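Student: I would like to learn how to read a structure, feature by feature. Where do we begin?

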Amino acid sequence: MRRSDVVSIAFVVPLQGPTGIYGPSCLACGQLAVEQLNARNGIAGRKIELVQVDAGRAPEVVAEDVGRLVDTGRVDAVAGWHISAVRVALTRRIRGRVVYAFAAMHEGSDDTPGVFMLGERPVNQLLPAAHWLREHHGARRWVVVGNDYVYPRVTGSVAREGLQGTRSEIVKSAYVPLGTADFRAVLDGLEAADADGVIMLLMGQDAVHFNRQFARRGLSDELVRLSPAIEENTLLGAGPAANEGVYAAAAYFDGLRTVESSDFAQQYYTRFGRYAPALNAVGESCYEAIRFLARLGEVSGCITVSAPLPTGHFYDSPRGLMRLDGNLVDQDVYLAAADGLQFKIQEQIA
């Protein structure tokens, strides 16, 4: 039985599959958040414990595991980074009975009661980045290459609609199953397309495979690559030779160098050492999701669905000052260029 003086959070992060590459970063950042909060007031005076759930499995399996935890009262809330297909299955299963802090970038909305969407969305992430690359690198004609599930599909459609009437456009789209390792057919299509760049909506290891094969085809000199999902683990997995011409848009990078991000990085590496899992947007978002629940407890006195934060509420995070807009969050977004195994910030774009 769960103790009444403990807040239990279902911590849903990928530990296997294509997105399992993010897992170590998620676990380390989640652990850091819990340790820091428990050293103070926890959540509304209660200590925090994380109940790990592997989000790298089939969405229905993940949802059933989390659903049973909610059914039995084992957990008070749900948090973590996982793909939107898992989020959709989770919201259907838990039906708004507990607060759910979804950390990942997302396609734009989810009106399920109790769900807070803490990540970036296409309107302030992908579209400003495409405009920046048009102005600075002449990239006007884009091919979308993504995994075949809700986030890439909806984001690809948003990009197509959002670029209409501008000097940029989507000229072709290709979607592949999550877990794809062979991109020969996709790359054949790229070579035949009259395009300036690729909008990559591929996750984890799929992006690693794509970038390696893309570089081996010699396409790095011809096409820029833009992604809202590539982070430091992906650069490491692909290797420096595959990262030339890669751009990422996100609210957090390890090399961001703002006051808030620098403080967070110092805390992280002091706790876990120089060989810690990569500090990246995915891991930071897990840290932030747990800190968000603590903020909810601080303001409302509890973390129930009936006691949400008011819209327009501001709170601090390693990403800087965040503003709650309904159940969405507005945050600063930056464009970064891959430089070997690191990112160099180019500009704040939103």
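Tutor: With burial. Buried means under 20% relative accessible area, exposed means over 50%, and partly exposed lies in between, with a 1.4 Å probe and protein chains only. In this protein chain, 58% of the 350 residues count as buried.

Student: What kind of model is this, and how are its residues numbered?

Tutor: It is a predicted model: local features need pLDDT of at least 70, side-chain atom pairs count only at pLDDT 80 or more, and totals for chains, interfaces and linings use all residues. Residues are numbered from 1 along each chain as its sequence is written, and side-chain values use heavy atoms, with hydrogens and water left out.

Student: How do I judge the overall dimensions?

Tutor: Use the radius of gyration, taken over C-alpha atoms; the globule rule is 2.2 Å times the number of residues to the power 0.38. For 350 residues, that rule puts a compact globule near 20 Å, and the protein chain agrees, with 20 Å. Its C-alpha trace spans about 60 × 40 × 35 Å along the principal axes. For one distance inside it, take Gly45 and Thr155: they are 110 residues apart along the chain, and their C-alpha atoms are separated by 40 Å.

Student: What does the accessible surface come to?

Tutor: Such areas come from the Shrake-Rupley method with a 1.4 Å probe; for residues, only the protein chains shown count as cover. Here the total is about 13700 Å², and 49% of that belongs to carbon and sulfur atoms.

Student: How many helices and strands does the protein chain have?

Tutor: Both are DSSP runs, numbered from the N terminus: helices are H or I with at least four residues, strands are E with at least two. This protein chain has 10 helices and 15 strands.

Student: And how do I read contacts?

Tutor: Contact means heavy atoms within 4.5 Å. Among contacts in the protein chain with a separation of 6 or more, 69% join residues 24 or more positions apart.

Student: Show me a residue. Is Asn211 buried or exposed?

Tutor: Asn211 is buried, at a relative accessible area of 1%. It lies in helix α7, residues 204–216. Leave aside neighbours within four places in sequence, and Asn211 is in contact with Met200, Arg225, Ile230, Ala238, Ala242 and Val246.

Student: Where does Thr91 lie?

Tutor: Thr91 lies in helix α3, which runs over residues 84–94. At 10% relative accessibility, Thr91 counts as buried. Beyond four places in sequence, Thr91 is in contact with Gly96, Tyr100, Asp110, Thr112 and Val115.

Student: Now charge. How are the two signs counted?

Tutor: Lys and Arg count as positive, Asp and Glu as negative; His and the chain ends are not counted. Each charge is placed at NZ of Lys, CZ of Arg, CG of Asp or CD of Glu. The protein chain has 34 positive and 40 negative side chains, with the centres of the two sets 4 Å apart.

Student: How many salt bridges does the structure hold?

Tutor: A salt bridge needs a side-chain nitrogen of Lys or Arg within 4 Å of a carboxyl oxygen of Asp or Glu. The structure holds 26 salt bridges. One joins the side chains of Asp182 and Arg184, at 2.5 Å, N to O. Asp182 is partly exposed at 41%, and Arg184 is exposed at 56%.

Student: What does the bridge between Glu288 and Arg319 tie together?

Tutor: Those side chains meet at 3.4 Å, N to O. Glu288 lies in helix α10 (281–300) and Arg319 in the loop between β11 (314–317) and β12 (320–325), so the pair ties together parts 31 residues apart in sequence. Both residues are buried.

Student: Which residues are linked in a network of salt bridges?

Tutor: The network links Arg57, Glu64, Asp65, Arg68, Asp71, Arg93 and Arg97.

Student: Last feature: backbone angles. Which residues deserve a look?

Tutor: Check phi for positive values outside glycine. Ala44 has phi near 50°, a positive value in a residue other than glycine. Ala44 is in the loop between α1 and β2 and is partly exposed at 38%. Gly45 lies in the loop between α1 (23–38) and β2 (47–54), and Gly45 is exposed at 51%. Arg257 is not a glycine either, yet its phi is positive, about 70°. Arg257 sits in the loop between β10 (246–250) and α9 (259–272), and it is exposed, at 65%.
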